[in-house]
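Let's take a walk through a protein together, one piece at a time. Have a look at the picture first, and then we will follow a few strands and see how they fit together.

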4 protein chains.
Amino acid sequence: MYKVGIIGAAGYAGAELMRIVLRHPEFDLHVVTSNSDAGNAVASLYPAFQGVCDLCFSRHDDPAVLECDLVFMATPHTVAMKSAPSYLEKGITVVDLSADYRLRSQETYEAWYKVEHTSPELLATACFGQPETHPEEMARAAADFAAGKAVLVACAGCYPTATSLAAAPGVSFSQGVVVADAISGVTGAGRSATARTHYCSANENFEAYGVASHRHTPEIEQILGIEGRLVFTPHLAPASRGLLSTVTLQLTDEARGMSLADFRRRYSEAYADSPFVTLLPEGQQPKTSSVVGTNFAHVGIALNETAGCLIATCAIDNIVKGAAGQAVQCANLVLGLPANTALSTVANPS
Amino acid sequence: MYKVGIIGAAGYAGAELMRIVLRHPEFDLHVVTSNSDAGNAVASLYPAFQGVCDLCFSRHDDPAVLECDLVFMATPHTVAMKSAPSYLEKGITVVDLSADYRLRSQETYEAWYKVEHTSPELLATACFGQPETHPEEMARAAADFAAGKAVLVACAGCYPTATSLAAAPGVSFSQGVVVADAISGVTGAGRSATARTHYCSANENFEAYGVASHRHTPEIEQILGIEGRLVFTPHLAPASRGLLSTVTLQLTDEARGMSLADFRRRYSEAYADSPFVTLLPEGQQPKTSSVVGTNFAHVGIALNETAGCLIATCAIDNIVKGAAGQAVQCANLVLGLPANTALSTVANPS
Amino acid sequence: MYKVGIIGAAGYAGAELMRIVLRHPEFDLHVVTSNSDAGNAVASLYPAFQGVCDLCFSRHDDPAVLECDLVFMATPHTVAMKSAPSYLEKGITVVDLSADYRLRSQETYEAWYKVEHTSPELLATACFGQPETHPEEMARAAADFAAGKAVLVACAGCYPTATSLAAAPGVSFSQGVVVADAISGVTGAGRSATARTHYCSANENFEAYGVASHRHTPEIEQILGIEGRLVFTPHLAPASRGLLSTVTLQLTDEARGMSLADFRRRYSEAYADSPFVTLLPEGQQPKTSSVVGTNFAHVGIALNETAGCLIATCAIDNIVKGAAGQAVQCANLVLGLPANTALSTVANPS
Amino acid sequence: MYKVGIIGAAGYAGAELMRIVLRHPEFDLHVVTSNSDAGNAVASLYPAFQGVCDLCFSRHDDPAVLECDLVFMATPHTVAMKSAPSYLEKGITVVDLSADYRLRSQETYEAWYKVEHTSPELLATACFGQPETHPEEMARAAADFAAGKAVLVACAGCYPTATSLAAAPGVSFSQGVVVADAISGVTGAGRSATARTHYCSANENFEAYGVASHRHTPEIEQILGIEGRLVFTPHLAPASRGLLSTVTLQLTDEARGMSLADFRRRYSEAYADSPFVTLLPEGQQPKTSSVVGTNFAHVGIALNETAGCLIATCAIDNIVKGAAGQAVQCANLVLGLPANTALSTVANPS
């Protein structure tokens, strides 16, 4: 059993982490923190835990955190870059769900997040936590952990996860601008009560936001190796959870000769070993409802031969495969456990 | 491992049964049937099962059904009353989710369901499948099963489950009319595509239906022992799942002297041994979202001293605690397994 | 043309008032106030007004208010009781949507709202703004206005409107406890962004609230003349607008001999002259979606002969017939205009 | 007063047409037809019309249709191409909401709709009913009507309307592939009750559909003059109404020198005379909720300078500006009435 802490447990990703860790056979949920909700019972914030979990939130600096083997950090950016170094020093493995260690380039981070990075030395060694597109990094982190080292995992963001799972097997056949139009449920906007997250504002509405300016842009470009080529437009739609990314790849002259079957073969091969990514049967498109509450990603592809483009879509649960689930998947891999430990839930079939 | 069949697996309760049985450590999902979808893959109907379950639906008369130790019947009324007798004869335990064996009185059944009952001899011996209010019947069924007998369980309906969990510990303090106004999500109306279940008809709408005529009326009256006293009005609200029953009990003169604390004590005691029913802290009311996807029931009570009434509310997932989950809970109890085997899922905390 | 001001125009009822007043052929929207949004353009808060209305909110004490013939007050309780007296003194007719002048009894107001009433002398003379149940008060107010007097209208609340329209024609046949279980859309919780109004909290959820303690209780009792007999339980459901009240009336021994047709006749007669209240055909129940965005109220009734109860339901738009629309209806009547001026919109038929 | 008929009045566009025509000061709603619902009262299908409209549906061949001055056809494709010629012959002006006369090329129509066109001679003369992008055609039709001729208007589809309003002022600055990712509410899938339109299938879900194969593709290409360049991917989102199109235009080398202000000027000028299209303030993106229930279109633009792309979004109500409202707008223009007659409704501000 590993002693596990969750820093920033009161937000949606943190709460989902609690839910997964509580059912994890190798994890003992030791401490959950939230500076804003310190002192409150988990069940008072999330009645779903009533009768199931009697933990209370403590502050991030609760000494119990230092007794953990592993901490998940589900905090806003800038929190992890300040505390992760000391956790690592004390031998605590850190799985960070924030953006602090995702970008390899300090300059890019500072340009997009408008803050100085206080532990840039870790950027080069952090393991990028998107196992399907970066299996070799996960393997290296697992080897380090097995050798007794504390490891830092920088989990991919929600949009980057879905967008790269849709595009990765096809991107090498593309040229020029890559267009990713994605749609997220409202949990993506966080648990803060704002005019934007008010039920009556989000309900019966869809809209684009962060057009040409969303911070996940450089992260997607980095994963796919398409720096300067991405037009990423996120949209908000009236659902609590779910994220769909629709990516249009302009095929190179060479690739325009490939058939849909050719592309399907590439995708099948790319995800053959992944327990979580499923290429749907031909002609079928992913529905977010089929993956909500789960760590699965459904992928569909189609070919527009006239325009010479491949259209690839991927549906995930933004809070699970896009955050808490993927973090536990990464932790499982680092610890040498089966990737799907505590993550085999199937979506509610309605 | 028990060989398990699901008769009528294509509806919402059937699909949820598949989901629960697939994760059940003692159950082997042997056969799933649907006369209307026979031949189709489960995953083609419910993409959530893509890559997880490669079963196809067969017809109800698939001989594989007879190889089972246990069958769940999630069929419309009149199906179970025709086939359950032969399953039982062959030694197959039957957990029926339909109304066929719920009412003790053949006459009442025939009056409300407008059909002749073809196996009324089983009405007296069927175990009523609402474990919290009928623990002794569950115990008897478990003893019978342990003694080598095939057992018939008639699971309670969704509205009866929530309404009786809300009212049971208080009803003996009441007199006169009992008013139960309940609200259900749209899965309650079934998987058939009708004008009523069209998204644009159900969305942004709530309405009463079956006023003074809903078939769950005699079932609720039977459970609570309040024949002729119930006014039950179900409502439809725009959510996929969830069911809330609000029950107003008019207190007897004697009971009007009792305090809220007195009633809370009665409720706490009544559910002290139940792993699934939680009395919420004082002043808190159940939210369906806190139990959706789970087998939990949340209960809240309040007192209107001026009018001399106790108001009790209960929230459940209509498809889980109101159908598939309760059926598995009953099966677990009959088989002598822990009640919460495969049923410990906590609700999505958002 | 009457110069019209809206005090508290930034909330949902205020915004709906703007929308109705802008299309009213006899109203000139002169000033809209909001202390919290003073200085902001109406269209910046509600983009629906972009290109349609270029007014900005000013503060409540904007002198332009005093240039109005008529002001609507859509402010929280305690605001109107402080400023209405001075408006009336200056000859400005006041249509108040808040609770300040609804209750005849100062004592009851102070007990339920926990504040001292600062202009109790107006309680006796305020016209109660629920035209269908209080036509004689509206007629008196119209006569006063025609005679040159400024008039104070205290519009009924949303739950009281729907509940009394459902129950009024039947209540004289009832005895004992009256149970009203009502369901409201989330606009009923106001425009403030709170944990409760967060999309992800309200979505896919229904719950009771204010059980045995909601402030609309004494108002409903006053309208129906059933002091001390009401059990009122409001519920929140996931829709932006709409309110449904389901009222169970226990019939007197005498009334138990009446048929459904008898009751339908009473209801038809009661609403024969009302342009806004429709008794639906027998067997049909009101859907909130059929009245959302409109000033209409749909009513349905059914009889439970075994329990001896009449069940009456009424659907309205909580922001229109339950607030802004009814306020304009009252204003129309006071001013001697057709009741449905600017109020004949039919609901979106989907 | 013009006598108006609606052919195919039982679908969502037909019902919205009824709603608009009923409030139109120059229109007398003479006949409404539906072959499937012939004989039923409009109010029995759409209770919103209860007490407001007592018409019944008749069959399409009702002789009353021939007494009309103007008919709206809200029928599936292939109906109008068979009956419009005879209406025109009898001097009845036809405003067709279906696809039958939208495409100039018979060959393109037959290739995409897989049927033979039976009145292709009208393709050349039909007026294309998208007034903002084809004002000259509307003017010509109005002149013809003024000269006593019956006129045929082929209204643009919902996706083509939003997509072309987003892209039209910018498309001449673009080259190569144009990507349009659009999202529609569920009314877009029609009133038929299917597995896809079931509440529990559409709710809490978004998905792409018709990828690389949607029939609106050639229509959008025709409006914008970008034959062979379009990748159009429609999506379904859980809302009853609303349609958002997000268009990514790859700028020509020349146009890459233009600033956002330059583009905003072009857009402002393009829509300066349109009463229905509003370019939102800089930095603001259209919300479908701001236009639902109205004939307005909100447009927003942004520039991705790194990738050299203009991103333009447009929000409309798919049933109003995308169907019934635009049809009435076209009729108003043909008849020489103000464009916004009966179309000045502002969206529900919540």
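Which residue in S12(D) does Leu279(D) stand opposite? Keep in mind as you search that you are looking at a predicted model. The partner is Val299(D): Leu279(D) stands opposite this residue in S12(D).

That pair gives us a way into the neighbourhood of strand S12, which covers residues 297–304 of chain D. Strands of a sheet pair through backbone hydrogen bonds, either parallel or antiparallel, and here you can find both kinds. Strand S11 (residues 277–279) of chain D runs parallel to S12(D), and three bridges join the two. With strand S13 (residues 309–316) of chain D, S12(D) pairs in the antiparallel sense, over seven bridges. One place to spot this second pairing is Ile301(D), whose bridge partner in S13(D) is Ala312(D). S12(D) and S13(D) form a hairpin, with four residues between them. In the turn, look for Gly308(D), which has a positive phi of about 70°.

Now, is S12(D) covered or open? The strand is mostly covered, with eight of its eight residues buried. In a regular strand the side chains alternate between the two faces of the sheet. Both faces of S12(D) are covered. On one side, Ala297(D), Val299(D), Ile301(D) and Leu303(D) are buried, and on the other so are His298(D), Gly300(D), Ala302(D) and Asn304(D).

Let's move to chain A and take in a whole sheet. This open sheet has seven strands in the order S8-S9-S7-S10-S13-S12-S11, with mixed pairing. At its edges are strand S8 (207–208) and strand S11 (277–279) of chain A, each of which pairs on one side only. Further in, strand S7 (residues 174–184) and strand S9 (residues 230–236) of chain A run parallel and are joined by seven bridges. Ser184(A), for example, has Leu236(A) in S9(A) as its bridge partner. Helix H9 (residues 260–270) of chain A lies across S10, S11, S12 and S13 of chain A, running at about 155° to S12(A).

Finally, step back and compare chains. Chain A superposes on chain B by a rotation of 180° with 0.0 Å of shift along its axis, and the RMSD is 0.0 Å. The two copies are thus related as by a two-fold rotation axis. In chain A, the C-alpha nearest the axis belongs to Glu204(A), 4.4 Å from it. The same surface serves both copies, as 100% of the contact residues of chain A recur in chain B.

Note on methods
Residues numbered from 1 in each chain as written. Chains lettered and ligands numbered in written order. Predicted model: local features only at pLDDT ≥ 70, side-chain atom pairs only at ≥ 80, totals over all residues. Heavy atoms only, no water. Pairing = 2+ DSSP bridges. Contact = heavy atoms within 4.5 Å. Axes fitted to C-alpha atoms, helices over the stretch in contact; angles between N-to-C directions. Least-squares fit on C-alpha atoms with pLDDT ≥ 70 in both. Buried < 20%, exposed > 50% of the residue type's maximum accessible area, 1.4 Å probe, protein only.
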